[in-house]
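Dear colleague,

I am passing on the structure we spoke about, with my notes beneath it. Please read them alongside the coordinates.

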Amino acid sequence: MPQAWARRHKTAQALALRSRIVLACSDGADSSAVAVKLAVTQQTVCKWRGRFVKERLDGLRDAPRSGTPRTIDDARVEAVIAKTLEGQPKNATHWSTRTMAREAKLSQSAVSRIWRAFGLQPHRQETFKLSTDPHFVEKTRDIVGLYMDPPVKAMVLCVDEKSQIQALDRTQPMLPLAPGIAERRTHDYERHGTTTLFAALDIATGKVIGELHRRHRSSEFLKFLRTIEASVPSDLDIHLVMDNYGTHKTLTIRRWFARHPRFKVHFTPTSASWLNQVERWFATLTEKQIRRGTHRSTRQLEDAIRAYLKINNTEPKPFIWTKSADAILASIERFCLRISNSGH
C-alpha cells in the first residue's frame, strides 16, 4: 500500500511524502540519509517512521482534529481528484468547477477548495518541446560545465540574434496611467520596419556586446564576430555558446572560425535554446523596453535598444546558473516518464 500511495498522483502530497519516508527507511537507510534524500528534517523522518512501526498504515494518516466536522470525506475528495486527473467531461476538453460540481454532486466552492489544496488548474495549459538531438547529453554537459566552471584565461559569451524586432506605433495616442485607471492603448498598430539585434552576453559580468543590422544573414553575423574579436582582449580565448541557426554554420563562417583559433564554438542541442543565457536577457529587453514601447521609425527603435544596452552595461548583473547537468538530465528523465505514463 505505501508503494501505491507514493506513486499515485491523486494521493495527498503529505501522505505521499510519508509513504516515501517509510519506503526509504525500509531499504535500510538511516534517518539522516532519508532526510537529506527527501529534503525534510530528521525529526520528520523519525516521527513518521515511529508512527508506522507503532500503528502501521493507520499511523501515516492525519489524526482527527478539533473543529467543525467535515462534510466531505476522503473518498469523495479522492474521487474528485481522480476524475480531474484521469477523466474528461463529455462536452468540453477540460473540467470547470461548475461541470465538476455537477458530476461529483458537490458545491462549486467545494470543488474549488479541493483543486486549490492539490494545486490543480484544469483551465491552464502550457507548451513544451523535448530535444531530439542525439548528442543532447554531451552538449548539455559541455555548456553547463562552461557556466558552472568557466575556463581560465577565457571569456564565455552567449551569442544569438533577436531578429525581426518591429518598430510599432499605435494608431491613436495612448491614455496615460491615472489613479484607479490602467494605461490604455489601441489594439491596432502601424508597422515602421524591423531590425535585428546581434548580442553576446558575458556570463561572468553580465555585460552585453550588441550590434544592430537591418538584415539577418551570415554576412551580418560575420561582422558581429569581428566586433566581438575587437571587443575581447587579445590574450583571452573566446568560448561562444550558440544555437544551430543556419547563419552560424555557413561555409564562410566555418572558414572564419578556422582562421581564428581562439574562438571555441559550443552549439546548444536542437530545440534547447533555454540553455543559452542570452535568451533570458532578450526576454528582459522585450519586457522592459520593446513590448510597451512606441516607435515611429526603425531608427527610433534602434536608438531605444542602444540606450538599453548602455544602461545594462553601466550596471551589469550576470545570471547565476545553479542547476548542474546531472540535475537537468534527471529532471528531463522524470518528465519523460510522466508523459510516457500519461496515457495520451
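The notes below go from the domains to the cores, then to a helix pair and a few single residues.

This is a predicted model, in which local features need pLDDT of at least 70 and side-chain atom pairs count only at pLDDT 80 or more, while totals for chains, interfaces and linings use all residues. Residues are numbered from 1 along each chain as its sequence is written, and side-chain values use heavy atoms, with hydrogens and water left out.

The protein chain is divided into domain 1 (1-60), domain 2 (74-118) and domain 3 (135-333), with bounds that come from an automatic or database domain assignment. Between the C-alpha centres of domain 1 and domain 3 there are 46 Å.

The largest nonpolar core (a set of buried Ala, Val, Leu, Ile, Met, Phe, Trp, Tyr and Cys residues joined through side-chain atoms within 4.5 Å; buried means under 20% relative accessible area, exposed over 50% and partly exposed in between, with a 1.4 Å probe and protein chains only) has 23 residues, of which Cys-158, Leu-197, Ala-199, Val-241, Trp-281 and Ile-305 touch the most other members. At least two residues of this core come from each of H8 (136-148), S1 (154-170), S2 (189-202), S3 (208-213), H11 (277-290) and H12 (298-314), where helices (H or I, at least four residues) and strands (E, at least two) are DSSP runs numbered from the N terminus. H11 gives the largest share, 5 residues. Apart from this core lies another, of 20 residues, among them Ala-200, Phe-224, Val-232 and Ile-253.

Helix H6 (residues 97-104) and helix H7 (residues 108-117) pack at an angle of about 110°, their axes 8 Å apart; axes are lines fitted to C-alpha atoms, for helices over the stretch in contact, and angles run from 0 to 180 degrees between N-to-C directions. H6 is therefore roughly perpendicular to H7, a term that covers 65 to 115 degrees. In their contact (heavy atoms within 4.5 Å), Thr-97, Arg-98, Met-100 and Ala-101 of H6 meet Gln-108, Val-111, Ser-112 and Trp-115 of H7.

Asp-74, in helix H5 (residues 74-86), counts as exposed at 51% relative accessibility, and its C-alpha atom is separated by 63 Å from that of Arg-214, 140 residues apart along the chain.

Two residues other than glycine have a positive phi: Lys-153, near 50°, and Ser-271, near 60°. Lys-153 lies in the loop between H8 and S1 and is exposed, at 68%, whereas Ser-271, in the loop between strand S5 (263-267) and H11, is partly exposed at 37%.

With best regards

Terms used:
Parallel < 35°, antiparallel > 145°, perpendicular 65-115°, else oblique.
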